[in-house]
Amino acid sequence: RGLGAHMLILLSHLGWGTPEEKAGWLDPHSITDDMAAQACPELAVIVGGHSHSLLQTPLQVGDTLIVQAGEYGKHLGVLDLTLDAECGKVLEHRYTLLPTEGVPPDPTLAAMLDLVREEADRLLEARVADLPAAVPHVTDGPSPMGRFVAEALRQICRADLARNFTDTPILVK
């Protein structure tokens with residue numbers, strides 16, 4: 001807001017779930033979109049993902065709207081907002097979910113996506129490191145591989161914190 005923003009929108013990969021759904025997650029104490037809305041009431045909208053939730057209507061936490069359009073591009077969510085021009089507050093909203101089945105792909109975007117996939121395949125084939133020993137990966141407890149990848153990403157991104165969700169955060173002091 002100090003730079004002139006009138007409203008704040010969070011594009012999130014935190015997820016959302018009912019308490020029953022969250023109880024079955026690997027980390028049932030994960031921070032979710034609704035928790036982010038509670039912690040940051042200045043957010044006007046959270047466009048969320050990760051949990052593959054298909055919200056037919058926006059969730060509202062305080063003044064924050066939370067929308068999620070399901071998984072794998074099966075739906076397109078359209079959120080129309082009427083804003084107070086002075087402060088950016090949402091006065092009205094309309095949310096529509098449009099199914100994408102049967103909609104032909106845009107040829108330009110499809111060609112671009114093919115190029116991106118080819119480049120990703122090429123990069124994924126590149127050898128990036130040789131490890132002196134096998135690094136196991138587990139999903140039900142601390143994972144040496146997860147910790148290794150989190151630390152590598154932390155270094156590449158020059159971040160102070162990295163977290164593998166089955167392990168404790170890696171914090172640089």
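Tutor: Let's begin with a term: a residue is buried under 20% relative accessible area, exposed over 50% and partly exposed in between, using a 1.4 Å probe and protein chains only. This is a predicted model, where local features need pLDDT of at least 70, side-chain atom pairs count only at pLDDT 80 or more, and totals for chains, interfaces and linings use all residues. Residues are numbered from 1 along each chain as its sequence is written, and side-chain values use heavy atoms, without hydrogens and water.

Student: Thanks! What percentage of the 173 residues of the chain count as buried?

Tutor: Apply that cut-off to the whole chain of 173 residues. The share that counts as buried is 24%.

Student: Why is the chain described as more spread out than a compact globule?

Tutor: Start with the elements, which run β-α-α-β-β-β-β-β-α-α-β-β from the N terminus (helices are DSSP runs of H or I with at least four residues, strands runs of E with at least two). The globule rule, 2.2 Å times the number of residues to the power 0.38, gives 16 Å for 173 residues. The chain is more spread out because its radius of gyration, taken over C-alpha atoms, is well over that, at 20 Å.

Student: Which residue in β6 stands opposite Leu76?

Tutor: Strands β5 (residues 75-83) and β6 (residues 90-99) run antiparallel, joined by nine bridges; pairing takes at least two bridges found by DSSP. They form a hairpin with six residues between them, and Gly88 in the turn has a positive phi of about 80 degrees. Opposite Leu76 stands Leu98.
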